[in-house]
Amino acid sequence: MSVRFWGVRGSIACPGPETARYGGQTSCVEVRCGNRILIFDGGTGVRLLGDALMQQPDATQLDIFLSHFHIDHVNGLPFFAPLYSKDHSVRIWAGNLKPALGVEEAMRKLMGFPLFPIEVDAFQAKVEFRDFRSGDTLHPHSDVTLRTARLNHPGGACGYRIEFAGRSIAYLTDTECSNGSVDPAILALAKDAALVILDTTYTDAELPSHVGWGHSSWQQGIRLATQAGAKRLCLFHHDPDHDDAFMDAVARDAEAARPGTIVARDGMVIEL
């Protein structure tokens, strides 16, 4: 298994010299399970991923798993080049939209008047829209299993545990952790994982002014990963107001609190 980060920010893209080292693209993570390509979220980073995939002749079967449909997690999808290629097949999955609407309807709203100049019907790829319920177990391929759970976020979100060849990765964003007991469903997704990628938008000091916003702190992430027995923790979904200097301080403090903790950066690759 390998993980490549194409977008590590939350809320809004924040390119510029003060965020150049950690990156300014919004959420998009590519997971390779052997030759299987799984994409988690379609923030602005997915555009760059799509351009890279178009240069790989064997990368034509793609799965995109959305944590939820807030704009920072989907606003790159209309610019994902494989969707406009007849040579590609793309399945787009979402687990928090039913019963209000499905992922296809949500995509049509995103790419519809007055928000966008072209519609979903412009896609040339073979596109399938897959709705499920958070808590379902998914089998996108015979050798890949995804376990899911509902996350604590306004409007709901879905967390994933990817299992392949005896290894596991937990992708948990966006979620508001409690300072008390950990949600057993979330703990189960992170249990003994080789890598936990967790929404740690804030610090503990920032949490009181962001109660109910649906995000966690890196200190809460340390506690969750330790309780779950996860091998490695990756801090993710950085606040756009946290510049490189701020993130350097977070990295130092997190390393001191739990050695081996990773702070995600655009372009970072982790091999498992």
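This is a guided tour of a predicted model, stop by stop, with what to select at each one.

**Whole chain**

Start with everything shown. The chain has five helices and 14 strands. Its C-alpha trace spans about 50 × 40 × 35 Å along the principal axes. A compact globule of 272 residues would have a radius of gyration near 19 Å, and the 17 Å of this chain agrees with that. Colour by accessibility next: 56% of the 272 residues count as buried. The exposed area of the chain is about 11500 Å², of which carbon and sulfur atoms supply 51%. Among contacts with a separation of 6 or more, 67% are between residues 24 or more positions apart.

**Strands E1, E2 and E3**

Select residues 2–7, strand E1, together with residues 28–33, strand E2; the two run antiparallel and are joined by five bridges. To see one of the bridges, show arginine 4, whose partner in E2 is glutamate 30. Five of the six residues of E2 are buried, so this strand is largely enclosed by the rest of the structure.

Now add residues 36–40, strand E3, which pairs with E2 in the antiparallel sense over five bridges. Cysteine 33 has arginine 36 as its bridge partner in E3. E2 and E3 make a hairpin with two residues between them. Glycine 34, in the turn, has a positive phi of about 65°.

**Glycine 45**

Move on to helix H1, residues 45–53, and select glycine 45. Is this glycine buried or exposed? Glycine 45 is buried, with a relative accessible area of 0%. Which residues touch it, leaving aside neighbours within four places in sequence? Glycine 45 is in contact with Trp6, Gly7, Gln25, Thr26 and Cys28. For a sense of scale, draw a distance from its C-alpha atom to that of phenylalanine 164: the two are 119 residues apart along the chain and separated by 24 Å.

**Aromatic pairs**

Hide the rest and show the aromatic side chains. A pair of rings is described by the distance of the centres and the angle of the planes. The model has ten aromatic pairs. In the pair of phenylalanine 65 and tryptophan 93, the ring centres are 5.2 Å apart and the planes are at 25°, so this pair is stacked. Phenylalanine 65 belongs to strand E4 (residues 61–66) and tryptophan 93 to strand E5 (residues 89–94), so the pair ties together parts that are 28 residues apart in sequence. Both phenylalanine 65 and tryptophan 93 are buried.

Next, select phenylalanine 79 and phenylalanine 116. Their ring centres lie 5.5 Å apart with the planes at 75°, so this pair is edge-to-face. The two residues are 37 residues apart and link distant parts of the chain. Phenylalanine 79 sits in the loop between E4 and E5, and phenylalanine 116 in the loop between helix H2 (103–110) and strand E6 (126–131). Phenylalanine 79 is partly exposed, at a relative accessible area of 45%.

For a wider view, select Phe5, Phe40, Phe65, Trp93, Phe132, Tyr160, Tyr171 and Phe236, which form one aromatic cluster. Then go to tyrosine 22: arginine 265 lies over the face of its ring, at 4.1 Å from the ring centre.

**The seven-stranded sheet**

Return to the cartoon view. An open sheet of seven strands has the order E7-E8-E9-E10-E11-E12-E13, with mixed pairing. Strands E7 (137–141) and E13 (262–263) stand at the edges with a single partner strand each, so one side of each has no neighbour in the sheet. Zoom in on E7 and strand E8 (residues 144–151), which run antiparallel and are joined by three bridges. Threonine 137 has arginine 147 as its bridge partner in E8.

**Helix H4**

Last, select helix H4, residues 218–228. How many of its eleven residues are buried? Eight are, and the helix is mostly covered. The buried residues are Trp218, Gln219, Gln220, Gly221, Ile222, Leu224, Ala225 and Ala228. What do the buried residues of H4 pack against? Their partners are strands E10 (167–172), E11 (195–199) and E12 (233–236), along with helices H3 (184–190) and H5 (244–257). The tour ends just after H4, where glycine 229 takes a positive phi of about 70°.

Conventions: Residues are numbered from 1 along each chain as its sequence is written. This is a predicted model: local features need pLDDT of at least 70, side-chain atom pairs count only at pLDDT 80 or more; totals for chains, interfaces and linings use all residues. Side-chain values use heavy atoms; hydrogens and water are left out. Rings of Phe, Tyr and Trp (its six-membered ring) pair if their centres lie within 6.5 Å; planes under 30 degrees apart count as stacked, over 60 as edge-to-face and the rest as tilted. Helices (H or I, at least four residues) and strands (E, at least two) are DSSP runs, numbered from the N terminus. Buried means under 20% relative accessible area, exposed over 50%, partly exposed in between (1.4 Å probe, protein chains only). A charge sits over a ring if NZ of Lys or CZ of Arg is within 6 Å of the ring centre and within 35 degrees of the ring normal. The radius of gyration is taken over C-alpha atoms; the globule rule is 2.2 Å times the number of residues to the power 0.38. Contact means heavy atoms within 4.5 Å. Accessible areas come from the Shrake-Rupley method with a 1.4 Å probe; for residues, only the protein chains shown count as cover. Two strands pair if DSSP finds at least two bridges between them.
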